[in-house]
Amino acid sequence: MYTQHHNTQGPFAKHDECGSFEKGSFGRKFKEHFMGNNHPLKEMFDRKINNHKPVNITENEDSFTVQLYAAGLQKNLFKVTVKDQILTLSYTDTSENTDSKLIYQEFYPGSFERRFQLTDKVFDDQISALYENGILTVVLPKNPEKNKPEQQVDIN
């Protein structure tokens, strides 16, 4: 099973490799200008960053498990589908704007979609899902005939 989204780090996750980008003069000015509260593109950047839901994928003897962190969402608005060996986890936000004036915003409850390429190592007709405590857990049972154990190859 492979994810189609390979970037699992945040947008500034590699700043340590660049001599602590944000601590330098240019980095501080960049952050103040582009990520400050008054920049017109701040909301667009925040929405894009916050609507990416992080995923953990684990494997045990019988199955693969995908856990998508999505706290505070409604269970009935999730959709889990499999078509052409692609697992799609999506959420459609149906909330409407209120008359309240938003003063400050750091999280954006919105629609999102994540896709994962499956292989024939998974029984795609036996997938199950559970949303509990803010985590969507999808269990993908393994096909034992396609999941052969590792074999040692002798080197001549």
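Is E113 buried, partly exposed or exposed? With a relative accessibility of 45%, E113 counts as partly exposed. That value, like every other one here, comes from a predicted model.

Start with the strand that holds this residue. Strand β6 spans residues 112-117. One face of β6 is covered and carries F112, R114 and F116. The other face is uncovered and carries E113, R115 and Q117. Two residues of that uncovered face also meet each other. The side chains of E113 and R115 form a salt bridge, with N and O 2.8 Å apart. R115 has a relative accessible area of 40%, so R115 is partly exposed.

Now look at the neighbour of β6. Strands β5 and β6 run antiparallel, and 6 bridges join them. One pairing is worth finding in the view: L87 has F116 of β6 as its bridge partner. Strands of a sheet pair through backbone hydrogen bonds, either parallel or antiparallel.

L87 is a good place to pause. Beyond the residues within four places in sequence, L87 is in contact with V66, V80, T81, V82, R114, R115, F116, L118, V138 and L140. L87 also belongs to the largest nonpolar core, which has 18 residues. Within that core, the residues with the most contacts are F78, L87, L89 and L140. Which elements give two or more residues to this core? They are β3 (63-69), β5, β6 and β8 (135-141). In soluble globular proteins, nonpolar side chains tend to be buried together.

Next, follow the chain back to the loop between β4 (78-83) and β5 (86-91), where D84 is found. Q85 lies in that loop between β4 and β5 as well. Both have an unusual backbone angle to check. Most residues other than glycine have a negative phi. D84 is not a glycine, yet its phi is positive, at about 50°. Q85, also a residue other than glycine, has a positive phi near 60°. How exposed are these two residues? D84 has a relative accessible area of 66%, so D84 is exposed. Q85 is partly exposed, because its relative accessibility is 31%. D84 can also be placed against L118. The two are 34 residues apart in sequence, and their C-alpha atoms are 8.7 Å apart in space.

Turn now to an open sheet. Its 4 strands come in the order β2-β3-β8-β7, and their pairing is antiparallel. β2 and β7 stand at the edges with a single partner strand each, so one side of each has no neighbour in the sheet. From one strand to the next, the twist averages 15°. At the β2 end, 5 bridges join β2 to β3. One pair to find there is N56 with Q67, its bridge partner in β3.

Charged pairs complete the tour. The structure holds 3 salt bridges, and the pair of R115 and E113 is one of them. Another joins K142 and E59, whose closest N and O atoms are 2.5 Å apart. K142 lies in the segment after β8 and E59 in strand β2 (residues 55-59), so this pair ties together parts that are 83 residues apart in sequence. What is the accessibility of each partner? K142 counts as buried, because its relative accessibility is 13%. E59 has a relative accessible area of 54%, so E59 is exposed.

The pair of K146 and D120 also forms a salt bridge, with the closest N and O atoms 3.5 Å apart. This pair links distant parts of the chain, 26 residues apart. K146 is in the segment after β8, and D120 is in the loop between β6 and β7 (128-132). K146 has a relative accessibility of 43%, so K146 counts as partly exposed. D120 counts as partly exposed too, at 40% relative accessibility.

Technical notes: Residues are numbered from 1 along each chain as its sequence is written. This is a predicted model: local features need pLDDT of at least 70, side-chain atom pairs count only at pLDDT 80 or more; totals for chains, interfaces and linings use all residues. Side-chain values use heavy atoms; hydrogens and water are left out. Buried means under 20% relative accessible area, exposed over 50%, partly exposed in between (1.4 Å probe, protein chains only). A nonpolar core is a set of buried Ala, Val, Leu, Ile, Met, Phe, Trp, Tyr and Cys residues joined through side-chain atoms within 4.5 Å. Contact means heavy atoms within 4.5 Å. Two strands pair if DSSP finds at least two bridges between them. A salt bridge is a side-chain nitrogen of Lys or Arg within 4 Å of a carboxyl oxygen of Asp or Glu. Axes are lines fitted to C-alpha atoms, for helices over the stretch in contact, and angles run from 0 to 180 degrees between N-to-C directions.
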